[in-house]
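Open the model in your viewer and keep the selection tool at hand. This tour goes from one stop to the next.

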Amino acid sequence: MINYTLYKNENSDQWVTFVHGAGGSSSIWFKQIRDFQKTYNVLLLDLRGHGDSKTIIKKSFLKKYTFKSIANDILEVIDHLKIEKSHFVGISLGTILIRQLAEMHPERVQSMIMGGAILKMNFRSQILMKLGNTFKYVLPYLVLYRFFAFVIMPKRSHKQSRLLFINEAKKLYQKEFIKWFKLTAEINPVLKWFRQVELNIPTLYVMGEEDYMFLPSVRQVVEKHYKSSKLFVIEQCGHVVNVEQPVIFNTAVLTFISLTK
């Protein structure tokens, strides 16, 4: 089972589960824990190969990674903890895993909060994937990761988020990075399905105004999935919204969750 951390609130039966992105760990949510724990039980996860899960070895981890298998890692934890239903908060690739879990088990997902959501790979991101596939066995993964981080978070104001993810990525292994990167082979059909199919689950997209790679496609999807989805855009903010603008992020998410109980 992947590593997890609990912050219990004895006065609440509601859960909020946080899912980080590729190369990160549960530590990226340090600016959320205090505010969310005041009202909810909080569950933080370290995805396979990340954070304190990197020393955990299972037979399933040795196989090719898929979005379904990684979503099942999350399901295994909430089953173990007997959490029947939870609000899920994700960032970047973590939003894809939350949506995958919701596809598989919608009854377990009370709401979805998608920070820096990835719903479509634009031209630049497609080029990034091709470059990564070309050089993933040649260059040290940190060289690639630094390059990706800079392209996705290029501005000076994004520096804190960029450095945080690079420092977390340093804890990965080369083989682990390659396994996660190979997920990009299945990302386009998965995202196409997500854009086409609207789930009857309250969904809030929290995007940075400067998240030029992913915000346009999220706008389009929210216009189409208007029955269940809302978009909140944070001004002067890039991709990693929970780190760059934690006060605004926390307020928006807590307000949304309070309306979906």
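Is R99 buried or exposed? Select it and turn on the surface: R99 is buried, with a relative accessible area of 6%. Keep in mind that this is a predicted model.

**Stop 1: the R99 pair**

Now add E103 to the selection. The two side chains form a salt bridge, 2.7 Å from N to O. Both residues belong to helix α4 (residues 93-104). They are four residues apart there, so about one helical turn separates them. E103 is partly exposed, because its relative accessible area of 23% is not under the 20% that marks a buried residue.

**Stop 2: two further salt bridges**

The whole structure holds five salt bridges. Select E210 and K155 for another one of them; their closest N and O atoms are 3.6 Å apart. E210 sits in the loop between β6 (203-208) and α10 (215-224), and K155 in the loop between α6 (141-152) and α7 (159-169), so this pair ties together parts that are 55 residues apart in sequence. E210 counts as buried at 17% relative accessibility. K155 is partly exposed, with a relative accessible area of 42%.

Next, go to D35 and K38. Here the salt bridge has its closest N and O atoms 3.9 Å apart. D35 counts as partly exposed at 28% relative accessibility, whereas K38 counts as exposed at 61%.

**Stop 3: the sheet**

Switch to cartoon view. Seven strands make up an open sheet with mixed pairing. Follow the order β1-β3-β2-β4-β5-β6-β7 across the sheet. At the edges lie β1 (4-7) and β7 (229-234), each pairing on one side only. From one strand to the next, the twist averages 15°.

Which way do β6 and β7 pair? They run in the parallel sense, over six bridges. To find a matching position, select V206 and look for F232 in β7, which stands opposite.

Now show helix α3 (residues 67-80), which packs on the sheet. This helix touches β1, β2 (15-19), β3 (41-45) and β4 (86-91). The direction of α3 makes about 145° with that of β3.

**Stop 4: the nonpolar cores**

In soluble globular proteins, nonpolar side chains tend to be buried together. The largest nonpolar core here has 76 residues. Which residues have the most contacts inside this core? Select I96 and Y205. As for helices and strands, α3 gives the largest share of this core, with seven residues.

Stay on I96 and show its surroundings. Leaving out residues up to four places away in sequence, I96 touches F67, I118, I187, V190, L191 and F194. Then move to a second, separate core, made of five residues. Among them are L144, F177, I178 and F181.

**Stop 5: T260**

Finish at T260, in the segment after α12 (246-258). Is T260 buried or exposed? T260 counts as buried, because its relative accessibility is 15%. Show the side chain and look for a polar atom 2.9 Å from the backbone oxygen of I257. Which residues does T260 contact, leaving aside its neighbours within four places in sequence? Select H87, Q110, S111 and P202 to see them.

Conventions:
Residues numbered from 1 in each chain as written. Predicted model: local features only at pLDDT ≥ 70, side-chain atom pairs only at ≥ 80, totals over all residues. Heavy atoms only, no water. Helix = DSSP H or I, 4+ residues; strand = E, 2+ residues; numbered from the N terminus. Buried < 20%, exposed > 50% of the residue type's maximum accessible area, 1.4 Å probe, protein only. Polar contact = N/O pair within 3.5 Å; in protein donor to acceptor, adjacent residues only side chain to side chain. Contact = heavy atoms within 4.5 Å. Salt bridge = Lys/Arg side-chain N within 4 Å of Asp/Glu carboxyl O. Pairing = 2+ DSSP bridges. Axes fitted to C-alpha atoms, helices over the stretch in contact; angles between N-to-C directions. Core = buried A, V, L, I, M, F, W, Y, C linked by side-chain atoms within 4.5 Å.
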